[in-house]
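Got your viewer open? Let's take a walk through this model, one selection at a time.

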Amino acid sequence: MMYSTNYWRGKHYAVGYATAKSPLGPFVKSESNPVLQQGGDVYCTGHNMVLTMPNGDMYCVYHGRTARTDSLTGDAKRVAFIDKLEILPDGSLRVNGPTTTPQSIIIK
C-alpha cells in the first residue's frame with residue numbers, strides 16, 4: 001500500500017509504502033520510506049496510483065508542485081507527474097523520480 005504523508009503544502013510531503021501478508025493488515029511501514037519525495041524542481045509529491053502496463057512495466061502517477069508552476073499562477077498549483085516504479089530483488093519499491101523530463105512509455 002502506498003500512501004501520502006505530512007502536510008500537503010509542506011516541503012516534507014511525500015509518498016511512502018507499507019506491506020502486509022493480508023489486504024486487511026497488519027501493515028508494516030518500509031524502512032526505506034519515503035520512496036518519493038522532493039527532488040530537483042519538484043516538491044510536495046503526493047497522492048499516487050500505480051499504473052501497470054501490458055508488458056509488466058509499472059509507473060507511479062502522482063502530483064507535485066514546482067516553483068515554476070507556483071509562480072505562473074501565484075498559487076500552489078499541483079501538476080501531474082509519471083515516473084517508473086520498480087520492485088527490487090529484495091522486495092522493496094523504488095520510484096525513479098521525481099522528474100520533469102518527458103517519460104518514454106512503450107506499450108507492447
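Start by selecting P98, which sits in the segment after β7. Keep in mind as you look around that this is a predicted model. Zoom in on the link between G97 and P98: the peptide bond there is cis, with omega at about 10°. Now hop over to P34, in the loop between β3 (28–29) and β4 (42–52). You'll find another cis peptide bond here, joining N33 and P34, with omega at about -5°. Most peptide bonds are trans.

From P34, step across to V15. Setting aside neighbours within four places in sequence, V15 is in contact with P34, and also with M2, Y3, V35, L36, T45, G46 and N48.

V15 also belongs to a bigger group, so to speak. Select V15, Y17, V35, L36, V42, M58, C60, Y62, F81, L85, L93 and V95 together: these twelve residues make up the largest nonpolar core. Which elements give two or more residues to this core? Colour β2 (14–19), β5, β6 (79–87) and β7 (93–95) and you have them. The largest share, three residues, comes from β5. In soluble globular proteins, nonpolar side chains tend to be buried together.

Stay with β5 and pick G64, in the strand that covers residues 58–66. Is G64 buried or exposed? Its relative accessibility is 0%, so G64 counts as buried. Show what surrounds it: beyond residues up to four places away in sequence, G64 touches V42, Y43, C44, T45, K77, R78, V79 and F81. Try a distance too: from the C-alpha of G64 to the C-alpha of A80 is 6.5 Å, although the two are 16 residues apart in sequence.

Next, T66, also in strand β5. T66 has 8% relative accessibility and therefore counts as buried. Leaving out neighbours within four places in sequence, its contacts are D41, V42, Y43 and F81.

Last stop: strand β4. Select C44, which lies in this strand. C44 isn't a glycine, yet its phi is positive, near 60°. Most residues other than glycine have a negative phi. With 0% relative accessibility, C44 counts as buried.

Then select H47, also in strand β4. Its phi is positive as well, near 35°, again in a residue other than glycine. How buried or exposed is H47? At 48% relative accessibility, H47 counts as partly exposed.

Methods: Residues are numbered from 1 along each chain as its sequence is written. This is a predicted model: local features need pLDDT of at least 70, side-chain atom pairs count only at pLDDT 80 or more; totals for chains, interfaces and linings use all residues. Side-chain values use heavy atoms; hydrogens and water are left out. Helices (H or I, at least four residues) and strands (E, at least two) are DSSP runs, numbered from the N terminus. Buried means under 20% relative accessible area, exposed over 50%, partly exposed in between (1.4 Å probe, protein chains only). Contact means heavy atoms within 4.5 Å. A nonpolar core is a set of buried Ala, Val, Leu, Ile, Met, Phe, Trp, Tyr and Cys residues joined through side-chain atoms within 4.5 Å.
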